[in-house]
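Biologist: Before we look at anything in detail, could you take me through how to read a model of this kind, one feature at a time?

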Amino acid sequence: MREIVTVQVGGFANFIGSHFWNFQDEMLGLAADPHGDPLFKTQSLNMDVLYRTGETLQGTLTYTPRLLSIDFQGSLGSMSSQGTLYNDGSNAPPSEVVTWTGNVSAHASEPQKKNLFLQSLYQEEQNIPLIKGINGGTKDSQSEIQDTDIVNYLDTGVQFWTDFSKVHYHPQSLYEVNGLWVDAQEFDNYGIGKDVFTENLRGEEICDRLRFFVEDCDHIQGFQFIIDDSGGFSPLASDFLESVADEYTSTPVLLYAVRGPGSHMNPRSRKQTVVRDLHDAVSFSRLSSFCKMIVPVGLPFLSRSKASTFLNIKDENPYHCSAVCAAALHSTSLPFRLEPLGPTADSSDASGAVDVNGIVQMLAGQSRQNMVAILDVAMPGPSLTGRQDEQSLLGNLQPLTPEVAEDVDDLQAVESMTVHGAIGSEGYRASVSEVKNAIHGAYERAITRPMFCHLSVARCPLPIPLPFPSIFGNLVGQHGELLGSPILGSVSRGSLDVHSIPMAARLRSSCGIFPFLENRLENLRKFGIDRGSPGTELLRSWGFGKDEVEEIGETLSKMVRKVNPHSEISSDSD
């Protein structure tokens, strides 16, 4: 067994994770459904890589994500931090305090009520008729909860990432940062979160929870970190990663540094500009110091990007934006779960298995030793119907990584591409060999091509679960096929209209990341290093003296030199 432990830190990271685990849960359900699509019953995909088996005190077997989620206290909405499977009454109020003789006052917030979707899940599990109505009302005031009601509610009513989660979690998975009742809008820079990990034994508690999942593994292949690095969770994550690097020295960390569109809002003053730009530089440098590969994810305006060509996204809605990121992460993680084949074997369902360390060595360990990867996605992926469309598959792959240079001719680029659920010429799911031939043909005809590309292929598409947002445009068909003409009377389509889609995603090491890195280095120099910099005192208040700031600058400078397309510095001199 080659397990992966997933860690989600911060608000937008947990929104992405909620969608990600919904995809996995949907795949498990379709694989167990005797009437389900046989493509989801493949033996090539090992879900044990991401999941663990367990048993409750009552002897009930469980199958839950190997996950540690970290977020604000109160961020779980109506969900208990104990989950539901292992609920043993430990959430009951504590007994009377007898060592204190003074007055005692209790402060408690009203519990969040389950929304329509969560009500329907609960009633389904309890075999209760699916009804909605006024509490205490007569039967006439109640009606059956319809899937359309749920979809319509979620598109406008999501507040917490748990509002649309259909997954059962282990009690060790959900960690609320205690004593941190902070408005997310105020928890927006590196300094405000710099002591959160070390205070009140939080660091020990978090590390203990991670240790629980790691010790449960037979042979862990790596950690998958998804971190909202736009605010105060970044220093918490950095301190946590430093502990992980010390304790699990030989276990690679693949890190996605994610941001919702709301974090890209233009600052209203020069002071806010300085704070944001220094945060971006410090956060990225610190996080990258404790992982093997880092992937920045999150565009300022996803709805206006080429990645949303066939989508209808509301940028202000994290429920929408996180769904696209989660779909891409699902695709990039598929190779880690594929069963490896022997040298002469050829699976009819999938090929191209590789573990976390393999991806890291492939992208960050070759050529220029660049550890900052770009994430591209085609959602949905186009059909493979001829030479023009083969070319369009590469053209449809568009970055979810911000500040990336386009159309870069990079002879040292290295890529890992995953294509799954591709549709063939007559509307059927293309075979593994058809996809391979199409991709290889497209690269042979491409004007620019990478030095090396690893290809992973699976026939199973991305399933669209009920709580997925209605973000598909009116050119997307029921199975994700791209239609020749729009569906009349429909602007956005959701899970009731689109049941699955083909996907393509790509991680690439390329000098296209140069503008992203150069911007962070230049801002650090301008606001934190140069003589008379306006941010010197700010950095000192964050705990960074002159030497530490210069060290951060040198870290970023090395990254920039490695991907600078105009640099004459050889890899030996680095």
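Modeller: Let us begin with the contacts, keeping in mind that this is a predicted model. Among the contacts in the protein with a separation of 6 or more, 78% are accounted for by residues 24 or more positions apart. The protein has 13 helices and 18 strands, and 53% of its 574 residues count as buried. About 26100 Å² is exposed by the protein, and carbon and sulfur atoms supply 48% of that area.

Biologist: How should I read a sheet, and in what order do the 6 strands of the open sheet lie?

Modeller: One reads a sheet by its strand order, the sense of its pairing and its edges. Here the order is β7-β4-β1-β8-β9-β10, and the pairing is parallel. The edge strands, each of which pairs on one side only, are β7 (174-177) and β10 (293-297), while the twist from one strand to the next averages 15°. As a detail to follow on screen, strand β1 (residues 4-9) pairs with strand β8 (residues 222-228) in the parallel sense over 6 bridges, and Val 7 has Phe 225 in β8 as its bridge partner.

Biologist: Which strands does helix α4 touch where it packs on the sheet?

Modeller: Helix α4 (residues 202-215) touches β1, β4 (67-72), β7 and β8, and its direction makes about 170° with that of β7. Helix α6 (residues 270-288) also packs on the sheet, where it touches β8, β9 (253-258) and β10, with its direction at about 145° to that of β10.

Biologist: Which residues touch the most other members of the largest nonpolar core?

Modeller: To read a core, one asks who its members are and what they touch. The largest nonpolar core has 79 residues, of which Tyr 256, Met 379, Leu 400 and Phe 472 touch the most other members. Helix α7 (residues 318-337) contributes the largest share of this core, 11 residues. Leaving aside residues up to four places away in sequence, Leu 400 touches a set of residues that includes Pro 296, Val 297, Leu 302, Val 324, Ala 328 and Leu 375. There is also a second, separate core of 65 residues, with Ala 281, Leu 521, Leu 524 and Val 549 among its members.

Biologist: How many disulfides does the structure hold?

Modeller: In general, a disulfide is a covalent bond between the sulfur atoms of two cysteines. The structure holds 0 disulfides. As for the setting of individual cysteines, Cys 453 is partly exposed, with a relative accessible area of 26%, whereas Cys 511 is buried, at 5%.

Biologist: What should I look for in the backbone angles, and which peptide bond is cis?

Modeller: The general idea is that most residues other than glycine have a negative phi, and that most peptide bonds are trans. In this model the peptide bond from Met 379 to Pro 380 is cis, with omega near -10°, and Pro 380 is found in the loop between β12 (374-378) and α9 (387-396).

Biologist: Where is Asn 200 found, and is Asn 200 buried or exposed?

Modeller: Asn 200 is found in the loop between β7 and α4, has a positive phi near 55°, and is exposed, with a relative accessible area of 53%. Phi of Glu 403 is also positive, near 55°; Glu 403 lies in the loop between β13 (398-399) and β14 (414-420) and counts as partly exposed at 34% relative accessibility.

Technical notes
Residues numbered from 1 in each chain as written. Predicted model: local features only at pLDDT ≥ 70, side-chain atom pairs only at ≥ 80, totals over all residues. Heavy atoms only, no water. Core = buried A, V, L, I, M, F, W, Y, C linked by side-chain atoms within 4.5 Å. Buried < 20%, exposed > 50% of the residue type's maximum accessible area, 1.4 Å probe, protein only. Helix = DSSP H or I, 4+ residues; strand = E, 2+ residues; numbered from the N terminus. Contact = heavy atoms within 4.5 Å. Pairing = 2+ DSSP bridges. Axes fitted to C-alpha atoms, helices over the stretch in contact; angles between N-to-C directions. Disulfide = S-S within 2.5 Å. Areas by Shrake-Rupley, 256 points an atom, 1.4 Å probe, with all protein chains shown as cover.
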